[in-house]
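Here is a quick walk through a two-chain model, with an eye on how the pieces pack. Have a look at the sequence and coordinates before reading on.

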Amino acid sequence: MALIPLIAAAAIVFGLVLKGIDRIVAARMQARIGPPVTQPFTDIKKLLMKENIVPRNSVPLIFNLMPVIALASALLVILYLPIAGFPPLLEGSGDLVLVLYILIFPSLAMVIGGFASGSPYATVGAQREMVTMMSYEFPLAITAVTTAWLVSSAGHAASFSLYTIATANVWALVGPIGLVGLLLLFIALLFVMPGELAKIPFDSAEAETEIAGGLLVEYSGTNLALFYLTDAVKTVAMASIITAIFLPFSIGPLFGFAGNESIAAEIVFYILKVIAVVFVGTTFARVAIARFRITQIVKVYLGHTTAIALLGLALVTADVLLGGV
Amino acid sequence: MALIESAAGVWDPLIWAVAVTIIVAFVLVIRSFGKSGFKNRGDKTKPFFSGDVVPESPIKAGNLYWGFFESLKGYYAFLERLHSGLVNDYVYLFVLAIVVLLIAVFAGELVWA
């Protein structure tokens, strides 16, 4: 338990660095120089110095409480995730189902905070965020349950534990048909990532050019800084979940590392994997695709992404039933 | 000690509660670094609406799931057609649902056997 503040601080720092890298890479893809990698730290420092304005139409208690709940729940998720191949800090006291539940809280806190703002823009943004959440939860659940079921079918106990899923390496449990199925589930989860993080093309809840920031329009100063940190930590959490399920590979045995060398190599490899996932899942997507309307978001998630995830589920099931042929 | 276990999942609410307490305390420490309060002058606390007059109640609770209903209106139109108000139709749908469910259960049993 004494490690919790340390892990929380590390998650915040790593999340802010990821945001910095994301902004530089996005800028370079648009032929701009972009800000330095430390820009998110400067943003936080600036926001903490600004006035924490509470709008006159708002419900002050809820308006101020939601940023705290959002960041706390995002940090809580990190404690249940295996990082760099090591067991989660709270291993054995919560599994993938709990992680998926806690992952809803930051978005839900933003929705409640938006409704409590008393602003038309924030209300529209909160409504859109709610609809987006309802849409991406189904493909996310299909992916999670399929991988856990696959691990369970291979004879592993505690199959919903993310650490068990990571150590089992789902790619090693299937034949050719299952490989295609897992690839489809991987793609479905990568589609869910920008929605979960409210990034373009799934950021209609914030949509600066349309509804002036949506559910965050009335937030400023410290409260906005907490939401900014929530976004950073959620990026680490989502990328770590995808890494644990679909990229659980180790680099130590490949190069014959042992002891501290192996630990350092695994941490560096984990960071590289997370950066790669963030690039594919958010940076590339937000630079390459324009913003979807809310009705298009529902169709993409409940139509296309769910179809991809269900096809993946069917192929993995067929593979297990046919004995990995 | 307080572990809740199902066939596949686990959750320890006691450890969860302790972790939540520590994390919330940590977040409140971060929050304390920020400036609290503000000087209430002018229109600073007026909701931003691009300079226009803020409407009284622009979005109602009934509009909450607008995006959802709008994009799935074909599906909801189909559901509305099913709700004819005739008991005969409802019993027919109930029997149909039971048949589909039984086929799914027995087909599953056969496959697993």
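In what order do the elements of chain B run from the N terminus on? They go β-β-α-α-α-α, which fits the tally of four helices and two strands for chain B. Keep in mind that everything here comes from a predicted model.

Chain B isn't a neat ball. Its radius of gyration is 27 Å, well over the 13 Å that the globule rule gives for 113 residues, so chain B is more spread out than a compact globule. Put its C-alpha atoms in a box along the principal axes and you get roughly 70 × 55 × 25 Å. Just 7% of the 113 residues of chain B count as buried. There is a split into two domains as well, covering 1-32 for domain 1 and 72-113 for domain 2. The centres of those two domains of chain B, taken over C-alpha atoms, are 41 Å apart.

Now for where the chains meet. Chain A puts 55 residues into the contact, while chain B puts in 43 residues. On the side of chain A that touches chain B, the elements giving two or more residues are α1, α2, α3, α4, α5, α9 and α12 of chain A. The top contributor among them is α5(A), with eleven residues.

How does that side of chain A compare by class with the packing of α4(A) against α5(A)? Here are the two side by side.

| Contact | Nonpolar | Polar | Charged |
|---|---|---|---|
| Side of chain A that touches chain B | 34 residues | 14 residues | seven residues |
| α4(A) with α5(A) | 14 residues | four residues | one residue |

That helix pair deserves its own look. Helix α4 of chain A (residues 96-115) and helix α5 of chain A (residues 120-153) pack at an angle of about 175°, and their axes lie 9 Å apart. Since angles over 145 degrees count that way, α4(A) and α5(A) are therefore roughly antiparallel to each other. On the α4(A) side, the contact residues include L96(A), L100(A), I104(A) and F115(A). From α5(A) come, among others, A122(A), E129(A), M133(A) and A148(A).

Finally, a single residue. A318(A) sits in helix α12 of chain A. Is A318(A) buried or partly exposed? A318(A) has 14 other C-beta atoms within 10 Å, so it is partly exposed. The C-alpha atoms of A318(A) and I177(A) are separated by 7.6 Å, although the two are 141 residues apart along the chain.

Technical notes:
Residues numbered from 1 in each chain as written. Chains lettered and ligands numbered in written order. Predicted model: local features only at pLDDT ≥ 70, side-chain atom pairs only at ≥ 80, totals over all residues. Axes fitted to C-alpha atoms, helices over the stretch in contact; angles between N-to-C directions. Parallel < 35°, antiparallel > 145°, perpendicular 65-115°, else oblique. Contact = placed C-beta atoms within 7 Å. Nonpolar A, V, L, I, M, F, W, Y, C, P; charged D, E, K, R; others polar. Rg over C-alpha atoms; globule rule 2.2 N^0.38 Å. Buried ≥ 20, exposed ≤ 12 C-beta atoms within 10 Å, placed from the backbone. Domains from an automatic or database assignment.
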